[in-house]
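User: Could you walk me through a few of the labels used for this one, and say what backs each of them?

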Amino acid sequence: MNPVIFRDILRWCQSSDRFLLVRHLLSRMASKSIQSDKPMVGLVQMTSTSNKEDNFCQAKSLIERAKQKGAQMVFLPECFDMVGETLHQAVAQSESVNGATITRYRSLAKDLDVWLSLGGFHEKQEDDATKIRNTHLIINNAGDIKGSYSKAHLFNVNIKGGVRLSETKFTIPGEKIGPPVLTPVGKVGMAICYDLRFPELSISLIQQGADILTYPSAFTVQTGMAHWEVLLRSRAIENQCYVIAAAQIGNHNEKRSSYGHSMIVDPWGCVIAECHNKVDVCVAELDLDYLQKCRHEMPVWKHRRHDLYGHVQVESKVPPEKIECQDVYKFGHCNIKSSQVFFRSTHCIGFVNIKPVVPGHVLVAPMREVERFESLAPAEIADLFQSVQTIAKVVEKHYERTSLTIGVQDGPEAGQSVKHVHVHVMPRRNGDFKNNDDIYDELQSHDKDLGGKSDQLRTEEQMAEEAAILRSYFPGQ
């Protein structure tokens with residue numbers, strides 16, 4: 001029996017709900033022993049110092065161990081690159097994303113055929129030689145950077161007789177909450193260490209579709225002993241998601257030590273893997289079907305009283321032209337290739353239609369996979385309809401039409417055939433239908449009778465051609 005699970009059983013057996021909790025744990029253990037096709041993640045616990053070469057060699061060895069254990073993605077802690085002995089040293093040894101350290105990790109990911117979460121490195125700032133950013137990167141198994149996040153909440157603390165740290169003296173806070181990164185183990189929402197104490201950040205990442213929250217950390221011993229596990233389990237329980245937290249361990253120098261106890265927590269709040277008081281790795285399988293089961297059986301997201309306390313809104317200061325373009329966007333059960341996308345905003349995409357009702361019939365949808373309109377966050381709703389307004393003006397002008405039909409089919413009884421919120425934008429002209437409202441009948445049935453009649457569908461080349469034309473109206477897309 002996994003000793004961590006056994007510990008949890010003993011602890012929870014003391015509660016009044018012990019029977020249900022023990023049954024849950026035993027069920028999870030039985031499921032794990034039967035199923036072996038679940039994605040595997042690895043967790044690295046290390047002790048970084050000011051020697052960057054030693055740190056890389058240590059991390060490389062641990063990553064290789066995690067890979068040997070079957071990990072498809074390996075998570076490293078905050079400060080995996082170095083822990084400086086002084087603030088000056090931390091800034092002086094900082095590097096750009098294109099520097100030698102990240103380049104070595106990109107090569108390592110490619111050589112080992114493994115994804116890496118690099119929990120937080122000292123990113124050099126060209127416009128301010130006295131400051132850095134604490135940056136978390138996700139690298140795929142081809143060595144490409146697929147996600148980047150700079151720590152938003154900076155750790156300023158002065159505990160009498162204990163910890164004294166002030167990140168704001170040498171670190172610039174991040175300015176955005178990026179969308180979760182699609183990986184082989186699930187959609188990963190990126191955060192760093194002190195961000196763990198702010199549930200608004202975790203809620204915003206879950207609202208954008210995260211299956212996993214990751215908190216690479218270098219928790220101090222004093223705060224770790226008091227708060228580390230309870231915070232990680234709280235974030236997992238309240239968001240019904242996996243939480244992965246790689247941590248630093250031990251003495252970095254004479255002035256600084258870290259708590260360790262890297263762990264993986266499942267959506268029920270069970271610690272399913274943990275590193276203890278040494279440099280080590282641990283692995284665990286993630287069961288995304290189980291995650292959905294938890295959310296279905298206890299649908300807390302549907303029970304939220306937004307009418308009483310509002311929404312946590314996802315805001316971004318990043319202009320649309322700097323939002324990273326994906327190769328493929330999920331649209332319900334469909335995949336939309338980037339060649340078919342002509343518009344991107346903070347939260348939405350505009351793309352051409354495989355079977356338009358009228359010339360210029362395009363779709364606008366949130367990038368986050370959301371089935372019903374009611375599940376959109378306020379920021380997503382605002383962005384969706386601002387995008388619709390912008391796109392509608394372009395297609396009406398380009399196709400030389402004089403009016404527009406704009407519609408949302410919200411649910412199957414309303415004619416929704418793709419379980420993903422989307423808005424139809426259809427430019428109109430006089431006489432395009434015998435009766436003006438016949439367009440709604442056509443919209444209701446236009447994609448219901450395709451069957452094997454591929455000649456009714458436009459080719460990828462035709463859609464890409466139209467998208468390229470429309471894209472020219474939106475500089476930077």
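**Labels and their reasons**

Analyst: Sure. This is a predicted model, and we can begin with D113, which sits in the loop between α5 (100-112) and β3 (115-124).

User: Why is D113 called partly exposed?

Analyst: Its relative accessibility is 45%. Buried needs under 20% and exposed needs over 50%, so D113, at 45%, counts as partly exposed.

User: What makes the phi of D113 worth a remark?

Analyst: The angle is near 55 degrees, which is a positive value, and the residue is not a glycine.

User: And C193: where is it, and what is its phi near?

Analyst: C193 belongs to the loop between β9 (186-190) and α6 (199-207). Phi of C193 is near 45 degrees, again positive in a residue other than glycine.

User: How do you know whether C193 is buried or exposed?

Analyst: The relative accessible area of C193 is 8%. The cut-off for buried is under 20%, so C193 is buried.

User: What makes β8 and β15 edge strands?

Analyst: The open sheet has six strands, ordered β8-β9-β10-β11-β14-β15, with mixed pairing. β8 (181-183) and β15 (271-274) each have a single partner strand, so each has one side without a neighbour in the sheet. From one strand to the next, the twist averages 25 degrees.

User: Why do β8 and β9 count as a pair?

Analyst: Pairing takes at least two bridges, and β8 and β9 have three, in the antiparallel sense, so they count as paired. Within that pair, T183 stands opposite G186 in β9.

Methods. Residues are numbered from 1 along each chain as its sequence is written. This is a predicted model: local features need pLDDT of at least 70, side-chain atom pairs count only at pLDDT 80 or more; totals for chains, interfaces and linings use all residues. Side-chain values use heavy atoms; hydrogens and water are left out. Helices (H or I, at least four residues) and strands (E, at least two) are DSSP runs, numbered from the N terminus. Buried means under 20% relative accessible area, exposed over 50%, partly exposed in between (1.4 Å probe, protein chains only). Axes are lines fitted to C-alpha atoms, for helices over the stretch in contact, and angles run from 0 to 180 degrees between N-to-C directions.
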